[in-house]
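Here is a friendly walk through some local geometry, from a sheet and its helices to a few unusual backbone spots. Keep the viewer open as you read.

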Amino acid sequence: MTTNQQGHTFQVDLRGLVDLLSHHLYSSPRVYLRELMQNAVDAITARRALDPAAPARITIRTGVGGGITVEDSGVGLTEADVHTFLATIGRSSKRTADGDLDLAEARADFIGQFGIGLLACFVVADEILVVSRSAKEAGAPAVEWRGRSDGTYSIRTLPAGTVKQPGTTVTLTPRADGSEWLEPGTVLRLARHYGSLLRYDVEVVDRHGEVSPVNDTPPVWDRSYRSPAARREALAAYGRETFDFTPLDTIDLDIPLVGLKGVAFVLPTPAHPTKRSGNRVHLKGMLLSDQAAELLPDWAFFVACVVDTTGLRPTASREALYADETLEAVRDAIGERVRQWLTGLAASDLALLRRFLDVHHLAVKALARYDDELLELLLPWLPFETTDGTVSLDEFSRSHPVVLVTQTVEEFRQVSSIASAAGLGVINGGYVYDRELVHRLPQIRPAVTVTDLDPETVTAHLDTVDPAAELAAAPFLARARAVADRLDTDVALRAFQPVGVPAMLVDNREARHERRRAELSAGADELWAGILGSLSSSAPRAQLILNHLNPLIRKLAELATKADPQLSETAVEALYGQALLLSRRPLRPSDHALLNRSFLGLLEFAAQAAGGDKEESR
């Protein structure tokens, strides 16, 4: 038994489709003008394939009944074409020279690919009027197509002679909520935004007949100049006009495989790695996107590009690049070109290289992590914060064959002054990429040894105190250890430079984590306290290292057996608080309380001493 199956045709709700376009496919209603110009460019391209000497002009007229018209001298449409393409949603009217539809072959010449361009105009227009005369048939009559946003349309053939030349004119009647996009000033701004690199002349004519050119061809990078200096000035001026900054330098981009040409502009100010520059990508002259971050490798956040390409694939909305292997290859090629520019600076323009690194050393460090050749080339120039000041790795490693690197900025600040006085070579590895690059230094300089800094390493380089002096200070040290024990800290007496530092607080991340765990456990309920207690570790505690060379420490040791024990304890709290401040690490509420308590306590002792002196004088 057989069952007859009847085929059906999808029905399209034009209102719903327009809503889909305006709210989901396109980022803004402004794309309507790009679609109109794109169709005009493709029509001219098709006519030029038939007749290379055919005129190539696009005229946008504003102030036409509140709407606009877009006229082109393109190939035009026959009545059959109108029925086939303007009345069928989703079918592209782009044809090859012989008139057959072959989208894959036409892609290299035409901008549009998806056949929904004219439909996008319903985002701003209530009615679209298309009048077209075909150039493919001699004496072909002009055809009028009138489409409405309610999904209806009408077609009629115009009398002979109504339209004298082949081409197409599209007139938009604005919607009530779309008229702002058809205002003359807005139209000119949008035309220049999208069409500045179009290869055919485009102009906007207002209702008074004033003509405003839209594009300026050829692109600035394809023009002839009297000298390289003049070319650099022209490119810099273009970058300033496009991005509103004067570039530090410009980098030519040329990737013939995908027909890509353009310029990368080096930013004159620091850029955050997570805030990518807006790259402008033109597809066959038409602006595709002005925020194409995917065009560049992640590390190249210090440049902004303007490129025109024929071989990259757009998304359906034609507002972004399609992520495929071709785009990945282009991204790698542009990254290699930027890298070549960097290496060229190191060989030919050290002054510019220094200016660049002053601004963008973070980006270069990001690249050098994976590029031994670049790291070796730029090693003499990359700045690092060290105990010798801000110097290059190359310079620092010549003075310190054993390089110590901290894991955090806090650790470096804790030990930098003491380590410098002790002759230790320490690099701040707390900044992004720095520690990783320092550890790769032996690959470039095999004679150099790099080790993570352990706080005990610094302590071991401090001079021990004579046993007799330490014995004499035993009462003070005992009281100091009692106070420090409440702060989960050990106390040691050493002799170190500079003499003006009475105490130094040394700890590591494990010790800080353990203190934080203990604080959370103390304030948690029974369940969480038990969980946090199970995470406790035997990590070494922080150390408060007292400087025996400091006069204040010597004085406190002498007074320990004579003065009020409370004075010694308050002084130890004050020393701990000062050491905290010297380490420049964030203070907890308990640290603030300790500093206030010790400060007020010392003031009280000072006031009592002053009062006692007055009594004795009487």
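## The five-stranded sheet

In this predicted model, five strands build an open sheet in the order β9-β10-β13-β11-β12, and their pairing is mixed. At the edges sit β9 (250-255) and β12 (286-289), each of which pairs on one side only. From one strand to the next, the twist averages 20°.

Inside this sheet, β11 (residues 280-283) and β13 (residues 303-309) run parallel and are joined by four bridges. If you would like a pair to display, Val281 has Val307 in β13 as its bridge partner. Helix α7 packs on the sheet, where it touches β9 and β10 (260-266); the direction of α7 makes about 140° with that of β9.

## Helix α7 meets helix α8

Helix α7 (residues 325-348) also packs with helix α8 (residues 350-368), at an angle of about 140° and with 11 Å between their axes. Angles over 145 degrees would count as roughly antiparallel, so α7 and α8 are classed as oblique to each other. Their crossing is left-handed.

Which residues in α7 and α8 meet? On the α7 side they are Arg339, Trp341, Leu342, Leu345, Ala346 and Ser348, and on the α8 side Leu350, Leu352, Leu353, Phe356, Val364 and Leu367. By class, the residues of this contact are ten nonpolar, one polar and one charged.

## A hairpin with two faces

Strands β14 and β15 form a hairpin, with two residues between them. They run antiparallel, and four bridges join β14 (residues 383-386) to β15 (residues 389-392). Glu385 has Thr390 as its bridge partner in β15.

In a regular strand the side chains alternate between the two faces of the sheet. Strand β14 shows this alternation: Phe384 and Thr386 point to one face and are buried, whereas Pro383 and Glu385 point to the other and are not buried.

## Helix α16 against helix α20

Another helix pair is α16 (residues 474-486) with α20 (residues 565-583), packed at an angle of about 55° with axes 9 Å apart. That angle makes α16 oblique to α20, and the crossing of the two is right-handed.

From α16, the contact draws on Phe476, Arg479, Ala480, Val483 and Arg486, and from α20 on Pro565, Ser568, Glu569, Val572 and Glu573. The residues of the contact between α16 and α20 divide into five nonpolar, one polar and four charged.

## Backbone spots to check

Most residues other than glycine have a negative phi, and most peptide bonds are trans. Where does this model depart from that pattern? One place is the peptide bond from Thr217 to Pro218, which is cis with omega near -5°; Pro218 lies in the loop between β8 (211-213) and α6 (228-243). The peptide bond from Gln497 to Pro498 is also cis, with omega near 0°, and Pro498 is found in the loop between β20 (489-495) and β21 (503-506).

Two residues that are not glycine have a positive phi: Asp244, at about 65°, and Tyr433, at about 80°. Asp244 is in the loop between α6 and β9, while Tyr433 is in the loop between β17 (426-427) and α12 (434-439). Are these residues buried or exposed? Asp244 counts as exposed because its relative accessibility is 70%, whereas Tyr433, at 18%, counts as buried.

Technical notes
Residues numbered from 1 in each chain as written. Heavy atoms only, no water. Axes fitted to C-alpha atoms, helices over the stretch in contact; angles between N-to-C directions. Parallel < 35°, antiparallel > 145°, perpendicular 65-115°, else oblique. Left-handed = near helix turned anticlockwise from the far one by under 90°. Contact = heavy atoms within 4.5 Å. Nonpolar A, V, L, I, M, F, W, Y, C, P; charged D, E, K, R; others polar. Buried < 20%, exposed > 50% of the residue type's maximum accessible area, 1.4 Å probe, protein only. Pairing = 2+ DSSP bridges.
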